[in-house]
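Welcome! Let's practise finding charged side-chain pairs, one step at a time.

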Amino acid sequence: MKFFHQYGVRRSGTNYTQALLEENFEDVLVLSKLFWKHDLNPDSSGYKKYIFPDYPALSSISYEAIEAEFYNNEYPNGMAPWRLNKHNPNTIHKQLMSAAISDNIKVLINIKNPYAWISSMLDWATRTAENPETDKYIFFKPININISLQTCDIKISDGSLKKSIQSYNERYSHWLNQDVEIVRYEDILFNHEDVLKKFESKYNLTKRNSSFLNIRSGCDPSPQNRKDKNRNWDYKDYYLNKKYLQRLGDEVINEITKNINWDILKPLGYAPI
């Protein structure tokens, strides 16, 4: 079993990537809850200490890791649909212990064009049920966002945009300054098969089916769970043709262009407009 632990800012395609890899390969597990996937990752000793609380002693073993990964009340069946009936948690736990001890948990980083990310975060903030006062990593308070449906112009009144960009810079400066596997959201939208082929070849993974499948489990970018969107909503068109720029307006675009740390993003193909 090949273990990855994914990290990435919210709305960067973490669920999509997790579902793609686990739907298509028998021997891969993309962890996201040992440590919060939207925060800075620990070094390799962090995984050991999580699973073995008394590390370097290995006598005490925590089962919270498997419980956190496999049992999620956010889903109707208590588990992500792409994991249902695919893994034995007891077997996975033994394999995870071995991977942690041998430093074989690979860090996987999800990233999205920062202009697209801001657009996604603004959209998410207007419909999230999370409480900005109590839940961490809430960048935009819906009450402070004004979106004109006629002009697609977005205005932010409390200065949280700049703080959000600073947080984006902080996280990616940390995540990308190490040996990691990087998945760009735009790449899996453009050609998910090419991305999966690279994983298959690099990590010698075993395919579940004769051909690669796009996700069918209901997480973004599947339009079936976007009830507020037209069923003809096309993620490829919106993101790859950068139609999100039409929603942001000049003021927001200029703020992103001015404050993003482009030095860490240009090697990945992202550039200011």
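Below are three short exercises on salt bridges, each with a worked solution.

This is a predicted model, in which local features need pLDDT of at least 70, side-chain atom pairs count only at pLDDT 80 or more, and totals for chains, interfaces and linings use all residues. Residues are numbered from 1 along each chain as its sequence is written, and side-chain values use heavy atoms, with hydrogens and water left out.

**Exercise 1.** Find how many salt bridges the model holds.

Solution. Start with the rule: a salt bridge is a side-chain nitrogen of Lys or Arg within 4 Å of a carboxyl oxygen of Asp or Glu. Applying the rule gives 10 salt bridges.

**Exercise 2.** Describe the salt bridge between Glu22 and Arg83.

Solution. First, the distance: N and O lie 2.8 Å apart. Next, the location: Glu22 sits in helix H1 (residues 14-24) and Arg83 in the loop between helix H3 (64-70) and helix H4 (89-101), 61 residues apart. Here helices (H or I, at least four residues) and strands (E, at least two) are DSSP runs, numbered from the N terminus. Then, the surroundings: buried means under 20% relative accessible area, exposed over 50%, and partly exposed in between (1.4 Å probe, protein chains only). Glu22 is buried because its relative accessibility is 0%, and Arg83 is buried at 3%.

**Exercise 3.** Work out whether Asp237 and Lys243, which form a salt bridge, are buried or exposed.

Solution. Begin with the closest N and O atoms of the pair, which are 2.7 Å apart. Asp237, at 25%, is partly exposed. Lys243 is also partly exposed, at 33%.
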